[in-house]
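Thanks for sharing this one. Could you have a look at my notes with the model open beside you?

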Amino acid sequence: MTRSETLFEQAKKTIPGGVNSPVRAFNGVGGSPLFIEKADGAYIYDADGKAYIDYVGSWGPMILGHNHPKIRAAVLAAVENGLSFGAPTELEVRMAEKVIEMVPSMEQVRMVSSGTEATMSAIRLARGFTNRDKIMKFEGCYHGHADCLLVKAGSGALTLGQPSSPGIPEDFAKHTLTAVYNELESVKTLFEQYPEEISCIILEPVAGNMNCIPPIPGFLEGLRALCDQYGALLIIDEVMTGFRVSKSGAQGHYGITPDLTTLGKVIGGGMPVGAFGGRKDVMQFIAPTGPVYQAGTLSGNPIAMSAGLAQMEALCEEGLYEALADKTKRVAEGFKAAANKHGIPLSINYVGGMFGLFFTDEEKVTRFDQVTQCDAKAFPEFYHGMLDEGVYLAPSAYEAGFLSMAHGDKEIEATLAAADRVFAKMAK
Ligand code: PMP
């Protein structure tokens with residue numbers, strides 16, 4: 001037994017499923033998860049001392065690579081001054097100014113401690129501001145695990161929400177409408193059905209929780225126009241895409257202006273952080289200026305703010321996003337070339353520092369139902385082949401892959417050489 005396997009058995013006795021967040025358990029690919037001891041640059045190291053080239057990046061935030069010297073130094077310096085005060089600090093002001101400078105649609109911002117908190121708070125604010133109860137989301141988009149967001153569509157997709165977890169009363173879920181990502185018609189239909197009841201649309205501007213699906217041309221613009229027509233707010237959830245797809249998020253990349261934006265892990269540089277912000281008139285509606293309640297004892301924590309600020313400042317370096325996009329393209333196109341060489345059908349998507357691999361004959365994957373129809377056996381085989389080769393990918397066919405600036409020629413070439421060997425085996 002490896003040390004990871006031993007730790008997993010031990011963990012299962014005291015932690016449900018042995019993990020503190022479900023996707024870590026390797027349910028999507030089978031086998032036992034790696035327990036991680038440390039990480040540096042493009043590499044993570046498991047409890048058995050084996051090194052892996054990492055394409056998870058703590059699920060997104062490690063854009064500069066793990067254990068970046070500037071972020072580490074900022075955290076260590078902040079620790080000297082105490083860990084938490086529950087009172088305002090200058091660091092929070094600097095963080096707010098930095099976020100607003102990078103994402104111009106955010107006129108004001110409030111810090112929270114996770115992506116879930118950010119989306120949950122933004123939804124409450126949108127409902128309070130518009131005085132409407134219903135929200136619209138898209139099948140296959142994940143926005144954290146708040147009750148109103150853990151809702152998927154029924155078989156016809158355009159149905160009233162059914163909870164996707166026990167513990168969420170149907171009375172709550174019925175206010176969540178689910179539309180089809182990249183299909184504007186489905187959104188129009190729901191607005192026509194409930195013209196004065198929908199408070200907001202929330203979406204991932206590049207879907208990263210049904211693998212990686214960018215918006216088709218006109219989709220985001222169409223959502224903006226429909227929200228304006230029906231008096232609903234547009235919430236762009238950039239928890240994954242913020243500062244990964246471009247310096248100003250996916251909204252900057254695609255030139256779309258939301259009313260509210262949610263941010264997460266990336267602005268904490270790896271510390272537990274989230275934020276939501278947007279139009280000043282809407283943001284003024286939260287306590288203490290407005291009637292919508294929202295709060296957090298550890299919100300704006302000084303260590304997290306220091307880590308986040310160091311990361312955001314480093315991300316503003318000239319040419320960084322072009323370089324990140326170029327690395328991502330090389331990896332994604334390289335995977336496709338290697339698969340095709342061995343006669344394995346593989347479709348790819350990539351944008352900024354994120355990519356998706358789909359085991360399918362389809363030329364382009366733009367919808368959730370195409371993702372669910374991919375070859376379910378191919379992914380786990382590919383996954384474990386790559387893991388044996390020392391390449392760590394997200395352990396599910398529904399997750400995007402992430403590059404960092406620490407991924408250099410050496411790591412990219414080693415990854416593609418490994419993929420070539422794994423596809424060769426799969427082809428047999
Ligand atoms: N929104 C999006 C788009 C996400 O990808 C995630 C998590 N991956 C969340 C919200 C929830 O964030 P957290 O896990 O920090 O609560």
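The points below go through the domains, their contact, a small group of strands and the ligand shell.

1. Please keep in mind that this is a predicted model. The domain assignment splits the protein into domain 1, made of 3-67 + 318-427, and domain 2, covering 72-315. Their centres, taken over C-alpha atoms, lie 26 Å apart.

2. The contact between the two domains draws on 28 residues from domain 1 and 30 residues from domain 2. On the side of domain 1 that touches domain 2, helix 11 (320-341), strand 13 (347-351), strand 14 (354-358) and helix 12 (368-372) each bring at least two residues. Strand 14 has the largest share there, with 4 residues. By class, this side of domain 1 counts 18 nonpolar, 8 polar and 2 charged residues.

3. Strand 14 is also worth following into its sheet, an open one of 3 strands in the order 13-14-16 with antiparallel pairing. Strand 13 and strand 16 (401-402) are at the edges with a single partner strand each, so one side of each has no neighbour in the sheet. Strand 14 and strand 16 are joined over 2 bridges, and Met-354 has Phe-402 of strand 16 as its bridge partner. Helix 11 packs on this sheet and touches strand 13 and strand 14, its direction making about 180° with that of strand 13.

4. Now to the ligand: which residues are the closest to it? They are Ser-114, Gly-115, Thr-116, Gly-144 and Val-239, out of 17 residues that surround the ligand. Helix 4 (residues 115-130) gives the most to this shell, with 3 residues. The shell divides into 4 nonpolar, 10 polar and 3 charged residues.

How values were computed:
Residues numbered from 1 in each chain as written. Predicted model: local features only at pLDDT ≥ 70, side-chain atom pairs only at ≥ 80, totals over all residues. Domains from an automatic or database assignment. Contact = placed C-beta atoms within 7 Å. Nonpolar A, V, L, I, M, F, W, Y, C, P; charged D, E, K, R; others polar. Near = placed C-beta within 6 Å. Pairing = 2+ DSSP bridges. Axes fitted to C-alpha atoms, helices over the stretch in contact; angles between N-to-C directions.
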